[in-house]
Amino acid sequence: MSDPVRGVVLAHADLAEALVRTVEQISGVTDVLLPISNEGLRPEDLRSRLEAAATGRPSIIFVDMSSGSCAFAGRMIARGNDDIAVLTGANLPMLLDFVFHLDMPLPELSERLLHKGRAGMDAHHASGHARPDGP
Amino acid sequence: MAFTLFRVDERLLHGQVLVGWGVRLGIDYYVVVDDALAESEWEQELYASGLTEGVGATFLGIAEACDRFEELDERAGQGALLTRGTTAMRHLAESGLLKQRRVNIGGLHAAPDRSKALDYVYLGRSEADDLVAMKPLVRGISARDLPTAPETPLEQILKSVGRS
């Protein structure tokens, strides 16, 4: 059996810390997600920190936005590395599902989490109901 | 003059630049001056992936940026010129291209050989040397991470790290 997938949450300011803490409070699963903030770090230092956290076994890097310094760092680390997946637009539904499916193969798990994250988005308003994939 | 922002920021096209400055100033195109990045197509694609529709980016080495400065500065719209460090901006200044321009220091972060001036500005000897050399060649130099944040003049930054 392969190693369980490791999760790294990479985000601006205090968001990563808050997301990880919240996932732990809701799920009761601890020590599975590692938060990293880009605050005060040069791009090369952020990449070093991320590389140390996400190499050596299959890892998913959850990033808050699809562009910006966090996304760039994640995508640079993952370039040419089959053991690392980068998921952007990280949200609680995605992370909560992750902590209960660490033993899935990385490609399938990435697909699953992307779906969970998207499914967690919705809009409710008196005039109607919209989902990200259309009205 | 199309360039409305000249910024030194190690993170180049990141959220604070694209959203905090870009949206507020209505930036239509970015010129990133960096020798290494000008040679790396995949990194250019990565950086450009953060741009919104209708906003463009050009990646140039320092020499080409100097050669094409006038042409780029005459484009329609609002432009921003970004460098990763002080050296490239100093080169532009020493080429006489920034005489009427203000330079914004937006992000130079902690490193072993740097001292803290502000939360987002750390200077080593080479950065301080570059800024001192640029000072008489530009209209002004100050630090400001976001347009809504207070501006810190160069003199104060240099004083914080023991330079004058």
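# Briefing on a predicted two-chain model

Among contacts in chain A between residues at least 6 apart in sequence, 62% link residues that are at least 24 apart. The model is predicted. Chain A has 135 residues, of which 36% count as buried. The points below cover the build of chain A, two of its loops, the nonpolar core, a helix and a strand of chain B, and the contact between the chains.

**Overall build of chain A**

- Chain A contains five helices and six strands.
- Read from the N terminus, its elements follow the order β-α-β-α-β-α-β-α-α-β-β.
- The radius of gyration of chain A is 15 Å, close to the 14 Å that the globule rule gives for 135 residues, so chain A is as compact as a globular protein of that length.
- The C-alpha trace of chain A spans about 50 × 40 × 30 Å along its principal axes.

**Two loop residues of chain A with positive phi**

- A:Ala13 lies in the loop between strand E1 (6-11) and helix H1 (15-27) of chain A.
- Although A:Ala13 is not a glycine, its phi is positive, about 45 degrees.
- A:Ala13 has 11 C-beta neighbours inside 10 Å and therefore counts as exposed, the limit being 12 or fewer.
- A:Asp31 sits in the loop between H1 and strand E2 (33-37) of chain A.
- A:Asp31, also a residue other than glycine, has a positive phi near 60 degrees.
- With 7 other C-beta atoms within 10 Å, A:Asp31 is exposed.

**The largest nonpolar core**

- In soluble globular proteins, nonpolar side chains tend to be buried together.
- The largest nonpolar core here has 79 residues, and those touching the most other members are A:Val9, A:Leu10, A:Ile61, A:Phe62 and A:Val63.
- Leaving aside residues up to four places away in sequence, A:Ile61 touches A:Val8, A:Leu10, A:Leu50, A:Ala54, A:Gly74, A:Ala78, A:Ile84 and A:Val86.

**Helix H1 of chain B**

- Helix H1 (residues 15-25) of chain B has these buried residues: B:Val17, B:Leu18, B:Trp21 and B:Gly22.
- These buried residues lie on the same side of H1(B), because they cover an arc of only 125 degrees around the axis.
- The buried residues of H1(B) pack against two strands of chain B, E1 (3-9) and E4 (79-83).
- B:Val23 and B:Arg24, on the other side of H1(B), are exposed.
- After H1(B) comes B:Gly26, which has a positive phi near 70 degrees.

**Strand E8 of chain B and its partners**

- In a regular strand the side chains alternate between the two faces of the sheet.
- Strand E8 (residues 140-143) of chain B has B:Ile141 and B:Ala143 on its covered face, and B:Gly140 and B:Ser142 on its uncovered face.
- E8(B) runs parallel to strand E5 (residues 102-107) of chain B, and four bridges join the two.
- B:Arg102 has B:Gly140 in E8(B) as its bridge partner.
- With strand E9 (residues 152-153) of chain B, E8(B) pairs in the antiparallel sense over two bridges.
- The bridge partner of B:Ser142 in E9(B) is B:Pro153.
- B:Gly140 and B:Ser142, the residues of the uncovered face, thus appear in these pairings as the partners of B:Arg102 and B:Pro153.

**Contact between the chains**

- Eleven residues of chain B are in contact with eleven residues of chain A.
- On the side of chain B that touches chain A, four residues are nonpolar, five are polar and two are charged.

Terms used:
Residues are numbered from 1 along each chain as its sequence is written. Chains are lettered from A and ligands numbered from 1 in the order in which they are written. This is a predicted model: local features need pLDDT of at least 70, side-chain atom pairs count only at pLDDT 80 or more; totals for chains, interfaces and linings use all residues. A residue is buried if 20 or more other C-beta atoms lie within 10 Å of its own, exposed if 12 or fewer, and partly exposed in between; C-beta atoms are placed from the backbone. A nonpolar core is a set of buried Ala, Val, Leu, Ile, Met, Phe, Trp, Tyr and Cys residues joined through C-beta atoms within 7 Å. Two residues are in contact if their C-beta atoms, placed from the backbone, lie within 7 Å. Two strands pair if DSSP finds at least two bridges between them. Ala, Val, Leu, Ile, Met, Phe, Trp, Tyr, Cys and Pro count as nonpolar, Asp, Glu, Lys and Arg as charged, and the others, Gly among them, as polar. The radius of gyration is taken over C-alpha atoms; the globule rule is 2.2 Å times the number of residues to the power 0.38. The arc is that of the directions from the helix axis to the C-beta atoms.
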